[in-house]
Amino acid sequence: MMMNKIIFKPEIFAVIAAILNGTSGVFTRWAFNLNTTPATLAFWKCFLAFVLMAIFCTINNQLTKDVIGLVKHWKKFALLSFLGIFCLYFFETWAFNQASIPLVSFLTYAAGIITLLLSVIFLKEKITVYKIIAFCSIIAGVFFMLLFAKDVKGSLFGVVFALLGGLGYALFIFMSKILKVGSGIAQLFWLFLFGSLFCLYHG
């Protein structure tokens, strides 16, 4: 029972998500080598995720009902999608075209410290061991970035784009707690739907 509680903690899923997202830079750089533009790549990354969510929701009756039931919250999902899907996919993809993968990855997720601060200040969340570990990890990241600065390259635009992507995602996490739309495949359906539309418009 204790092991299950550890395995299914939200922090564990966050780490897994971060690890998987860490491969994004490699595939993105590969796509650039095929002369794919950042805007086009951002759209397809988001749209393919939407198609995957749509398939899940189509073959499962309960998920279909959940998706329909969330229609009334479309404005909330539009806002959250702009912050957490469009900003992350669009700016991060552009950043990968302007800076090295380690630099973009670090700057994008280092912005997560904003989420910690906003949650503690405005939501009155307690400072837990996990939050302390997260903060220390960011500080350690800064240290190693400076230590191996010669291997980390990027233009000013790359740095700005990476920070914008990270800021959008940080605000997305914070606003998700405020808007309370829940989480799950049905919610992802709406997030990636609006994200695809935003990316298409700016493509």
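Helices (H or I, at least four residues) and strands (E, at least two) are DSSP runs, numbered from the N terminus. This is a predicted model, in which local features need pLDDT of at least 70, side-chain atom pairs count only at pLDDT 80 or more, and totals for chains, interfaces and linings use all residues. Residues are numbered from 1 along each chain as its sequence is written, and side-chain values use heavy atoms, with hydrogens and water left out.

**Exercise 1. Fold and confidence**

Describe the helices and strands of the protein chain, then find where its confidence is lowest and where it is highest.

*Solution.*
- Step 1: The protein chain has eleven helices and zero strands. Along the sequence, the pattern reads α-α-α-α-α-α-α-α-α-α-α.
- Step 2: The predictor's confidence in each residue is the pLDDT, from 0 to 100. Its average over the protein chain is 81, and 81% of the residues score at least 70.
- Step 3: Helix H1 (residues 2-7) has the lowest confidence, at a mean of 44, while helix H5 (residues 61-69) has the highest, at 94.
- Step 4: Residues 1-8 have a pLDDT below 50, and beyond near neighbours in sequence this stretch has four contacts in the model. A contact here means heavy atoms within 4.5 Å. Where pLDDT is low, the predicted coordinates should not be read in detail.
- Step 5: Among contacts between residues at least 6 apart in sequence, 84% join residues at least 24 apart.

**Exercise 2. Thr93 and its surroundings**

Place Thr93 in a helix, decide whether Thr93 is buried or exposed, and list what Thr93 is in contact with.

*Solution.*
- Step 1: Thr93 belongs to helix H6.
- Step 2: Buried means under 20% relative accessible area, exposed over 50%, and partly exposed in between (1.4 Å probe, protein chains only). Thr93 has 0% relative accessibility, so this residue counts as buried. Of the 203 residues of the protein chain, 36% count as buried.
- Step 3: Setting aside neighbours within four places in sequence, Thr93 is in contact with Thr28, Phe32, Pro38, Leu41, Ala42, Lys45 and Leu88.

**Exercise 3. Rings between H6 and H11**

How many aromatic pairs does the structure hold, and which parts of the chain does the pair of Phe82 and Phe198 link?

*Solution.*
- Step 1: Rings of Phe, Tyr and Trp (its six-membered ring) pair if their centres lie within 6.5 Å; planes under 30 degrees apart count as stacked, over 60 as edge-to-face and the rest as tilted. The structure holds 21 aromatic pairs.
- Step 2: Phe82 and Phe198 are edge-to-face, because their ring centres are 5.7 Å apart and their planes stand at 85°. The two residues are 116 apart in sequence, with Phe82 in helix H6 (residues 74-96) and Phe198 in helix H11 (residues 185-201).
- Step 3: Phe82 is partly exposed at a relative accessible area of 35%, and Phe198 is partly exposed at 24%.
- Step 4: Tyr89 and Phe192 also pair edge-to-face, at 6.1 Å centre to centre with 75° between the planes. Tyr89 is in H6 and Phe192 in H11, so this pair ties together parts 103 residues apart in sequence. Both Tyr89 and Phe192 are buried.
- Step 5: Lys45 lies over the face of Tyr89, 5.6 Å from the ring centre. The rule for a charge over a ring asks for NZ of Lys or CZ of Arg within 6 Å of the ring centre and within 35 degrees of the ring normal.

**Exercise 4. Salt bridge and cysteines**

Which residue forms a salt bridge with Glu125, and how far from Cys46 is the nearest cysteine sulfur?

*Solution.*
- Step 1: A salt bridge is a side-chain nitrogen of Lys or Arg within 4 Å of a carboxyl oxygen of Asp or Glu. The count comes to one salt bridge.
- Step 2: Glu125 forms a salt bridge with Lys177, with the closest N and O atoms 3.1 Å apart. Glu125 lies in the loop between helix H8 (112-122) and helix H9 (129-147), and Lys177 in helix H10 (residues 156-179), so the pair ties together parts 52 residues apart in sequence.
- Step 3: Glu125 is partly exposed at 25% relative accessibility, as is Lys177 at 33%.
- Step 4: A disulfide is a pair of cysteine sulfur atoms within 2.5 Å, and the structure holds zero disulfides. Cys46 is in no disulfide, and the nearest cysteine sulfur, that of Cys199, is 4.7 Å away. Cys46 is buried, with a relative accessible area of 0%.
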